[in-house]
Every structure is written in structure tokens, then in C-alpha cells.
Amino acid sequence: MVTSFASAAREGTGMLGVTPSPSSSQSEDATGMAANPLPVIALAGPDALDAIAATVEAMGDDNAWVALIGPRETLLGTRAAAMLAPLQARFDAVWGGVALGEDCGGDDSAGEDRGDETQSRSEASERLEPRNRTYALGDLSAVPNVARYGCDDRVNAMHAALHWWVGASCLMRAGVARALAAQLRSTLGAAEARDPETVATALFLAAWRDHRCLKIAEPLTSAVDLPERAPACRTMILDALERAPAWIALPAQRPGNGPSGGPESRPSGEQATVDLAYTGRNPTIERVQLRGVFYEQRELEAVAAALRPRAHIVDVGANTGNHACYLASHTDCRRITVFEAAPFTAGVLRETIARNGFDRVDIRHLGIACGASHATMRFKRSRKGHLGSARLEPLPTGTTLEGSSRAGDLVEEIPIAPLDALIDERVDFIKIDVEDMELDVLAGAERLIASHRPGLLVEVASANTGAFAAWLARWQYTVERVFPDQGYANYLVAPQGDRS
């Protein structure tokens, strides 16, 4: 699906076509089952879509199953049959892990920055078993951790493809395979339809969008080493998410007058979840949300506890809406005014607010960055295109940049304005997360801070800690909570004495 597939054909198949499943003597036989008679269609050549159509036509049974096998992978027929048996009535396609051989080569440079979700290829290879071993069901010792992600929903499948690993090979219901092949013949260009990587990725995307799919950790194929993802395949997935967003549903609770100020019972029919957009470009935030909680939920709970009733909250650096959506669904705030400078990210935030029906979230200032004074800066994306690590940089003298809203562009022109010039009403709380520009934002909000003494949650880069401490002393604010992380900390601060 999303891997980088070499042009070499599947081992044992010198050309594209249908090959019989291995006999029992050629397959792993740990289960004692007979070899699976699944027709095998290799995806390594230029005519995979035609081969799918011809094979299913010859089979004459749309409810039967076929094995679509990627380049340099070999079907583990008996294991595949055993794993498919309880699944075939419920699902239309199944992807698995891959068992790697002892000749797998490690490549530290190939691994992406996936935080705690990854390991380097060399680390994976340290535990690999010989390729000709017998694979017992439940034995994952030859499967690298990056290939073990399991899921049965589209959003997690996209996450697995982008930040873990999902292979080209899958088992698919014959009728579904034929329908998808016909669909791709009409939607892919001639060159795309003959490119194995594009075909495999397009099959993956269409299947997970329209059919009942499953990804399991158990290996269904074996390979000498782990096929790498091609940049073009990753781009296809990100573009598909931009056209048809995937959504993460997190629990919402409406504030009320329950015991100890807890949430009251939700009336029948009221929204029970908050939908947050999965972009694939926000791995630090989205991997947390996929675990069923809001990103920085500890900070958000502390903010909610500190808010005055019917508060007006200003969210500077709202990203795709994690904090704004939590506060809109978990507090009785009067209004949340959001600022997000990046055009693509602001577009996602706008769609998220509309999808959830949060009328209290004010999106009029999207596309504007907050700073110490009026200016124009350029928005520079990170090398990997992650939304949360892009930064604003000074615009070179005499330079004008053509703005664009596409997430893949490196630089865009962004207007800067101080909060004091944008907000003329009472503000009760300000959250600031602006990648090293927090002191500029505070400098541009001096009137609001002096007049209303709002509570603050500020992400402070470690290099700015001393300057932030001086700001706290000058403005007479006290640190209530600190949430440290690598290279920065979130400070929840309150004005000394009663707020006016």
C-alpha cells in the first residue's frame, strides 16, 4: 500500500501474473492446516489492474478471496488462510505485518521521526529470524514493531501508513478487488495505472474509504527486508486526506451543576463526541488524540478548573483546534477567539469548528498572526511538513512572496498584528503556543493584560525562560502549574491578587 516498492517482481515470479499458492511442503506448516488455494496476483508489473480483472473473471466467484502481493514479498499461504478464516465474513480486505529474513539490512537514515511509535530499521533487524524458518501463529518475533500496528478504521489506517508501516500486500474479496481495479482504471492516468507503487497505494486508499478493512500484526507475507515508503505514496495519502478528511472522535461533556461542579447529564440527542481532523501532518498531536484523549489534556483540565464562569478565552496558535474544541465542549465559556496564521491549518480549523457546530468559537481572525506590532513575516514549514513545528521568520527587505494555502508549500506571506489592535472587549484567559514568539505576543497584548488581568497558559521555549521570568515579575504574575517537555514548558500563570 504505502511502501516504496522496488521494480523487482515478487520472488519466484519473473513477470506479472497469477501464481498458484505454495503446496503444504513449501509453506510454513505450524498450524497443521492444508495450504491455502488463494489465487496470487503480483503487483510488481505494469498490468496489475488487468490481472486483477482477468483473475476474478476466471474465478467466477465474487465472494472468494485473492492475495494481492507486493514486490519482493512472498505469501505465507497457510498462515494467511488461518488468519483469514474467522475474518472473511466480516471484512472485505485484510492487511498484515511482514516477517523479515535474516539478511534484512538496517538503515538508521530510513526511519522517520515518529516519537515513541518507531524504531530504527537496524533495531528491527536485531531480532529477525531466518527467512526459511517455520512461522507459528502468534509468533511475531520476525515482525518489526513498525509493522505491528493493528486497526479496523480509516483514520488509524492512514496513521499506520504514514507513521508506522503498512505493506503493499493484502488479502481481498474478489468482487471488491475487481470493482476497485475498474474504478482505478477510470481515475488513474495511463502512467499512474502502470506504476506498481501508485496502484498499490490507490488500492489501499479506495479500500479503506469504501469497504470494510482490517490491519493485523500477524504476518501474511515474508520478505528479506522491509520495503520503504516512496515519497510519492506518502503524498498520495496526504492529498487523499485533504480531499476527504478523516476524523478522530473524542468524548465531549457539557459543563453543568453536577456534584462538585462535575458535568451534568447530557440531554438526549445532544452531541456526545468532538470530531477532530486527522491530517497526517500533525503527528505529535494526532498520535495522542488517537489514544482517545485530547492533546495536553492535563493542561486543559487545569485551565478549565481555573476559568471564571462564562469566560472569554483567546487561543493564539490554535493549530487544528485541539484546545479550542476541548474548551468549547468542556466549559461554559462565553466565547473562544482563535488565531491561527498558517492558511492550510486555519482551513482545517475552520472545517473542524463548523463540523462540531461550535458557534461560540470566533474564527474571524484566522490567517492573522499575533506579534508585538504590525508587520509582515513569512511562514516557513518544517522540513517534514509538520504543522506544529512551522515558524514565522522575518520577510527579507524588498521581498514579496506569493501566498498559497497548500500544506506542502515551504513559505507563505503572513500579516502580523498585536492582540491589543484586534480585540476590544474583556478577555479572561489567553493561551499562547507560537513556536518561540511567545514574548512578542505578550508584548502586543499589554493593554489587554493591564486592563483585564487574564489568566495565561504560555508555551515557553527553554531559551526564553529567563526573559519570561522577568516578564512575570514585571507584570506581577505567579506560576500556578508547570508542564515541562523537551525544549519547552507550558506555564499556567495567574495575576497576583484578585483579577479586576
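Here are some exercises on this predicted model, each with a worked solution.

**Exercise 1. Get your bearings: how many helices and strands are there, and what share of the residues count as buried?**

Start with the inventory: the protein has 16 helices and 20 strands. Next, burial: 55% of its 500 residues count as buried. Finally, look at how far along the chain the contacts reach. Take the contacts with a separation of 6 or more; residues 24 or more positions apart account for 75% of them.

**Exercise 2. Work out how α7 and α8 are arranged relative to each other, and which residues meet.**

Begin with the general recipe: two packed helices are described by the angle between their axes and the distance between the axes.

- Step one, find the helices. α7 covers residues 196-210 and α8 covers residues 231-243.
- Step two, get the geometry. Their axes come within 10 Å and cross at roughly 30°.
- Step three, classify the angle. Angles under 35 degrees count as roughly parallel, and α7 and α8 are therefore roughly parallel to each other.
- Step four, add the handedness. α7 passes α8 in a right-handed crossing.
- Step five, list the residues that meet. α7 brings E197, T198, T201, A202 and L205, while α8 brings C233, M236, I237 and A240. Sorted by class, this contact has six nonpolar, two polar and one charged residues.

**Exercise 3. Now do the same for α10 and α11: what is the angle, and which residues meet?**

- Step one, the positions. α10 spans 297-306, and α11 spans 322-330.
- Step two, the geometry. The two helices pack at an angle of about 40°, and their axes are 11 Å apart. That makes α10 oblique to α11.
- Step three, the hand. This crossing is right-handed.
- Step four, the contact. On the α10 side you'll find Q297, L300, E301, V303 and A304; on the α11 side, N322, H323, Y326 and L327. The class tally here is five nonpolar, three polar and one charged residues.

**Exercise 4. Check how covered α4 and α11 are, and find what the buried residues of α4 pack against.**

Take α4 to begin with. This helix runs over residues 154-163, and 10 of its 10 residues are buried. The buried set includes R154, N156, H159 and H163 as well as V155, M158 and L162. To see what covers them, look around the helix: the buried residues of α4 pack against α7, α8, β8 (246-251), β9 (273-278) and α9 (283-289). The pair from Exercise 2 turns up again in that list.

Then α11: nine of its nine residues are buried. Among them are N322, H323, Y326 and L327, the α11 residues that α10 meets. C325 is in this helix's buried list too, and its relative accessible area of 0% is why it counts as buried.

**Exercise 5. Count the disulfides, then look at C213: is it buried or exposed?**

Recall that a disulfide is a covalent bond between the sulfur atoms of two cysteines. The test here asks for sulfur atoms within 2.5 Å, and the count comes to zero disulfides. C213 illustrates this: its nearest cysteine sulfur belongs to C170 and is 8.0 Å away. As for burial, C213 has 2% relative accessibility, so it counts as buried.

**Exercise 6. R310 and N319 have a positive phi: where are they, and how exposed is each one?**

The background is that most residues other than glycine have a negative phi.

- R310 isn't a glycine, yet its phi is about 55°. Look for it in the loop between α10 and β10 (312-316). With 46% relative accessibility, R310 counts as partly exposed.
- N319 isn't a glycine either, and its phi is also positive, at about 55°. Its loop lies between β10 and α11. N319 is buried, because its relative accessible area is 12% and the cut-off for buried is under 20%.

**Exercise 7. Describe the surroundings of E438: is it buried or exposed, and what is it in contact with?**

First, place it: E438 belongs to helix α14, residues 438-443. Second, burial: a relative accessible area of 1% makes E438 buried. Third, contacts: leaving aside neighbours within four places in sequence, E438 touches I432, V458, E459, V460, A461 and N464. Last, a long-range check: E438 and G317 are 121 residues apart along the chain, but their C-alpha atoms are separated by 10.0 Å.

Terms used. Residues numbered from 1 in each chain as written. Predicted model: local features only at pLDDT ≥ 70, side-chain atom pairs only at ≥ 80, totals over all residues. Heavy atoms only, no water. Axes fitted to C-alpha atoms, helices over the stretch in contact; angles between N-to-C directions. Helix = DSSP H or I, 4+ residues; strand = E, 2+ residues; numbered from the N terminus. Parallel < 35°, antiparallel > 145°, perpendicular 65-115°, else oblique. Left-handed = near helix turned anticlockwise from the far one by under 90°. Contact = heavy atoms within 4.5 Å. Nonpolar A, V, L, I, M, F, W, Y, C, P; charged D, E, K, R; others polar. Buried < 20%, exposed > 50% of the residue type's maximum accessible area, 1.4 Å probe, protein only.
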